[in-house]
Amino acid sequence: MFFQLKKRAPVAKTTRREPTRAETANKVVFYAGTKIATDQGWQAVEDLEEGQRVRTADNQEKEITDLGHEALKFSASREAVRDWPIIVPAGAIGNKERVVVSPDLRVVIENPAMRGKGASSRVSVRAETLIGFRGIARAPLYADLKQVEVGFGQATTLVMEGGVMLDMPGMSGEQAVPPLNDRQSRVIMHSLRRADLRRIN
């Protein structure tokens, strides 16, 4: 007796589409355990929900329009050190507590060149460009890290527990605080380091 095997229909291959810049323009990565202000007090980002409103630096409320959970894999990231988190020691940029941020998160700092000129002296820089300033350094990574992607419809400035202000982009990537590119950021950090040395001497 012979059995005739039915041919299986070919399975269509699906390729994972990378999100476009427009789709990720308003998403910012936080690490689990990071706390931001809500009406219920400080709340860990992993406990936030889409549609929830959080408090902003100017004491307003903004709704979370996008929320996702991922993991930063240690096995994949140890070869890509640039993806490792950044440690900001207490007092480094006016923060009361040590905080850990992703390297691409935009941190709000004071631009000393703009002080006393009648305009806002706040600018935002990528956290990675702060490395080497007042003990800010790349964090050692020993295991996977839980990540939470948070997005807002409008640009806003959030405050992390400890006092670090973060510039959150809007839907089209616009920023609430003037963003500096990496070269401009390093010029400012160099100026701040020189000011620190003058105070010490």
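## Helix H3 and its buried side

In H3, a helix in the DSSP sense (an H or I run of at least four residues, numbered from the N terminus), the residues Ser185, Ile188, Met189, Leu192, Ala195 and Asp196 are buried, that is, under 20% relative accessible area with a 1.4 Å probe and protein chains only, where exposed means over 50% and partly exposed lies in between. Because they cover an arc of only 115° around the axis, they are on the same side of H3, the arc being that of the directions from the helix axis to the C-beta atoms. The exposed residues Arg183, Leu197 and Arg198 are carried on the face of H3 turned away from its buried side.

The buried residues of H3 pack against strand S8 (106–110) and strand S9 (122–126), strands being E runs of at least two residues.

## Basis of the model

The model is predicted, with local features requiring pLDDT of at least 70 and side-chain atom pairs counting only at pLDDT 80 or more, whereas totals for chains, interfaces and linings use all residues. Residues are numbered from 1 along each chain as its sequence is written, and side-chain values use heavy atoms, with hydrogens and water left out.

## Thr56 in its loop

Thr56 lies in the loop that runs between strand S4 (53–55) and strand S5 (61–72), and it counts as buried because its relative accessibility is 7%. Leaving aside residues up to four places away in sequence, Thr56 touches Lys62, Thr156, Thr157 and Leu158, contact meaning heavy atoms within 4.5 Å.
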